[in-house]
Amino acid sequence: GGAPVLRLHVDAGAGARPVYFALEVEEVPLAAPVKPDIRGIVVERWYERYDDGKPIKEVKEGDLVRVRLRVTVPADRQFVVVEDPLPAGLEPIDNSLLTSRSLAAFATPESQRAAPGDEQVGDNPFWQTYLYGDWSGGSWSPWEYRELHDDRVTYFARVLWSGAYTATYVARATLAGSFVAPPAYAEEMYNPALQGRSSGGR
């Protein structure tokens with residue numbers, strides 16, 4: 001259809017040994033992707049008001065935003081990484097810092113009802129939750145590791161059994177303006193052909 005074609009030639013040469021190769025493609029779309037892409041992992045993301053849990057697409061500078069991610073896998077997946085790039089006007093809040101433990105001042109009865117934290121609905125054998133995942137805070141989460149950066153939040157799970165899993169964090173609107181919300185992305189680290197991407201927008 002007029003699209004450029006890239007050809008790859010692999011010459012194994014003589015011998016009985018198999019040849020392994022990997023091809024990595026970096027995608028630079030001409031327009032911001034807005035449709036989800038599902039290739040073995042389903043990724044959904046939405047933004048909510050912190051004070052009442054209502055879905056939003058617009059906030060005021062200084063407002064708190066709860067970001068929710070839902071990752072659904074139709075079969076067991078291993079070494080799954082989820083990366084959620086933030087719109088430039090949002091910055092994640094790290095509750096582990098002494099200077100950021102002030103969210104209680106913004107809490108309302110509605111915000112507490114809307115903040116169940118990390119949930120999971122999977123086929124995981126209960127005894128395996130002692131081997132995989134994290135028990136911090138008194139409840140089990142499949143996400144063993146989380147990184148907060150200025151521009152993205154990353155989650156990691158060694159095992160996701162078939163089912164749906166959520167991850168939640170809070171961000172603050174720090175700048176006024178209209179910003180691109182890049183899609184959230186998930187993949188198996190050692191098998192990146194199994195991947196998924198959420199919808200994007202502004």
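How many salt bridges does the structure hold? Nine. Keep in mind that this is a predicted model. Some notes from going through it:

1. Overall fold. The chain has one helix and 11 strands. Going along the sequence, you get β-β-β-β-β-α-β-β-β-β-β-β. For contacts with a separation of 6 or more, 70% come from residues 24 or more positions apart.

2. Burial and surface. The chain has 202 residues, and 33% of them count as buried. About 13,100 Å² is exposed, with carbon and sulfur atoms supplying 54% of that area.

3. The core. The largest nonpolar core takes in 29 residues, and Val-82, Trp-143, Tyr-155 and Leu-160 have the most contacts inside it. At least two residues of this core come from each of strands E2 (42-49), E3 (64-73), E4 (77-85), E8 (152-160) and E9 (163-173). Val-82 is a good place to start looking: leaving aside residues up to four places away in sequence, its contacts include Leu-69, Val-71, Trp-143, Tyr-155 and Tyr-185.

4. The E2/E3 salt bridges. Glu-44 and Arg-70 pair through their side chains at 3.4 Å, N to O. Glu-44 sits in strand E2 and Arg-70 in strand E3, so this pair ties together parts that are 26 residues apart in sequence. Both ends are partly exposed, Glu-44 at 31% relative accessibility and Arg-70 at 29%. Arg-68 and Glu-48 also form a salt bridge, with their closest N and O atoms 2.9 Å apart. Here Arg-68 is in strand E3 and Glu-48 in strand E2, 20 residues apart. This time both partners are buried: Arg-68 has a relative accessible area of 11%, and Glu-48 comes in at 8%.

5. The E4/E8 salt bridge. Arg-152 meets Glu-83 at 3.6 Å, N to O. With Arg-152 in strand E8 and Glu-83 in strand E4, the two are 69 residues apart. Arg-152 is partly exposed at 26%, and Glu-83 is partly exposed too, at 35%. Elsewhere on the list, Arg-49, Asp-51 and Asp-63 are joined into one network by salt bridges that share partners.

6. A nonpolar patch to look at. Leu-8, Val-10, Val-19, Phe-21, Leu-23 and Val-25 make a nonpolar surface patch of about 620 Å². Val-10 belongs to the segment before strand E1 (37-39). Is Val-10 buried or partly exposed? Partly exposed, because its relative accessible area is 40%.

How values were computed. Residues are numbered from 1 along each chain as its sequence is written. This is a predicted model: local features need pLDDT of at least 70, side-chain atom pairs count only at pLDDT 80 or more; totals for chains, interfaces and linings use all residues. Side-chain values use heavy atoms; hydrogens and water are left out. Helices (H or I, at least four residues) and strands (E, at least two) are DSSP runs, numbered from the N terminus. Buried means under 20% relative accessible area, exposed over 50%, partly exposed in between (1.4 Å probe, protein chains only). Contact means heavy atoms within 4.5 Å. Accessible areas come from the Shrake-Rupley method with a 1.4 Å probe; for residues, only the protein chains shown count as cover. Patches are made of residues with over 30% relative accessible area and no salt bridge: like charges are joined within 9 Å, nonpolar side chains (Val, Leu, Ile, Met, Phe, Trp, Tyr) within 5 Å. A salt bridge is a side-chain nitrogen of Lys or Arg within 4 Å of a carboxyl oxygen of Asp or Glu. A nonpolar core is a set of buried Ala, Val, Leu, Ile, Met, Phe, Trp, Tyr and Cys residues joined through side-chain atoms within 4.5 Å.
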